[in-house]
Amino acid sequence: MRTAATLDGDAPTRDRVARTILENGPSTAADLARRLDLTPAAVRRHLDHLVSEGVVESREQKVYGTRGRGRPARIFALTEAGRDSFDQQYDDLAVQALRFLAETQGEEAVVEFARRRVAFVERDYAAVLEVDPDLTPAEALAKVFTQNGYAASVRDLAPVNGISVGEQLCQQHCPVSHVAHEFPQLCEAETEAIGAVLGTHVQRLATIAHGDGVCTTCIPQTPKKEKA
């Protein structure tokens with residue numbers, strides 16, 4: 001039987017496991033073991049504990065394209081309670097304030113608030129590219145969102161006929177997901193802001209606010225602008 005002291009000693013490692021899921025999105029035990037330099041058995045032990053605490057949940061990994069033999073791997077994602085533990089920047093007061101705004105000023109006021117909140121996208125995007133002009137648009141956006149409280153990263157989209165079609169902006173953490181669950185205008189404003197700075201249509205595929213493990217947005221391949 002494990003003692004309380006042993007459990008306390010394991011807490012920092014469990015926190016590392018949870019934070020790795022936060023920063024990289026839903027992950028398999030093998031992925032976590034590799035990132036944390038732990039044995040798969042050790043990771044599974046910590047995952048079992050996090051699942052029992054309601055911090056993490058286990059899901060069947062979705063397979064796109066041709067599925068191989070055998071059962072698909074299990075992936076582990078943070079629950080809403082798990083995300084709450086990472087000091088998300090929202091509370092009931094924010095929801096009540098937006099409800100009041102919608103009731104007294106109408107939905108357009110909520111939309112305007114949402115747009116104003118994501119003004120950082122346009123404000124910071126050019127500054128990030130000025131510092132590092134070799135970043136792709138998706139990589140620059142990932143830096144912008146990470147600097148503003150999101151844990152964002154980039155994944156390549158599957159090529160079509162051997163040709164790259166773009167990248168996927170992944171936000172593993174959303175500081176307003178609880179509020180956005182009731183007010184999707186916040187998510188819509190983010191998507192609108194991304195499309196505006198890129199000058200092209202982008203598609204939001206999933207959102208944490210609606211139960212997905214990560215917010216994902218398709219960023220189409222765009223030619224790099226020539227330097228003046």
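**Notebook: helices, rings and strands**

I began just after helix α8, where G149 takes a positive phi of about 100°. I note at the outset that the model is predicted.

**Entry 1: helix α8**

I looked up which residues of α8 are buried. I found P137, A138, A140, L141, A142, V144 and F145. I then asked what covers them. The cover includes helix α7, strand β3 (152-156), β4, helix α10 (185-198) and β6.

**Entry 2: aromatic pairs**

I searched next for aromatic pairs, and the structure holds 3 of them. In one of these pairs, the ring centres of F120 and F145 are 5.7 Å apart and the planes stand at 85°. I recorded this pair as edge-to-face, because that class begins over 60 degrees. F120 belongs to helix α7 (residues 119-131) and F145 to helix α8 (residues 137-147), so the pair ties together parts that are 25 residues apart in sequence.

I also looked up a pair between F145 and Y150. Its centres lie 5.1 Å from each other, with 90° between the planes, and it is edge-to-face as well. I therefore entered F120, F145 and Y150 together, as they form one aromatic cluster.

Are the members of this cluster buried or exposed? F120 and F145 are both buried. For F145 I read a relative accessible area of 0%. Y150 has 2% relative accessibility and so counts as buried, the limit being under 20%.

**Entry 3: helices α5 and α6**

I turned to the packing of two helices, α5 (residues 92-105) and α6 (residues 107-117). Their axes come within 6 Å and cross at roughly 135°. This angle makes α5 oblique to α6.

Which residues make the contact? From α5 I listed L98, L101, A102 and Q105. From α6 I listed E107, A109, V110 and F113. Sorted by class, the contact has 6 nonpolar, 1 polar and 1 charged residues.

**Entry 4: strand β6 and its partners**

I then examined strand β6 (residues 215-220), in which 5 of the 6 residues are buried. The strand is therefore largely enclosed by the rest of the structure.

How many bridges join β4 to β6? I found 6 between strand β4 (residues 166-171) and β6, and the two run antiparallel. In the register of this pairing, E167 stands opposite I219 in β6.

On consulting strand β5 (residues 203-206), I found 3 bridges to β6, again with an antiparallel run. Here R204 stands opposite T217 in β6. I also noted again that β6 is among the elements covering the buried residues of α8.

**Entry 5: two loop residues**

I looked up T79, which is placed in the loop between β2 (74-78) and α4 (80-84). Its relative accessibility is 14%, so T79 counts as buried. Leaving aside residues up to four places away in sequence, I found that T79 touches G54, V55, V56 and E57.

My last residue was D37, in the loop between α2 (29-36) and α3 (40-52). Is D37 buried or exposed? D37 is exposed, with a relative accessible area of 70%. I also recorded its backbone: D37 has a positive phi of about 55°, although it is not a glycine.

Terms used: Residues numbered from 1 in each chain as written. Predicted model: local features only at pLDDT ≥ 70, side-chain atom pairs only at ≥ 80, totals over all residues. Heavy atoms only, no water. Axes fitted to C-alpha atoms, helices over the stretch in contact; angles between N-to-C directions. Helix = DSSP H or I, 4+ residues; strand = E, 2+ residues; numbered from the N terminus. Parallel < 35°, antiparallel > 145°, perpendicular 65-115°, else oblique. Contact = heavy atoms within 4.5 Å. Nonpolar A, V, L, I, M, F, W, Y, C, P; charged D, E, K, R; others polar. Phe/Tyr/Trp six-rings, centres within 6.5 Å; stacked < 30°, edge-to-face > 60°. Buried < 20%, exposed > 50% of the residue type's maximum accessible area, 1.4 Å probe, protein only. Pairing = 2+ DSSP bridges.
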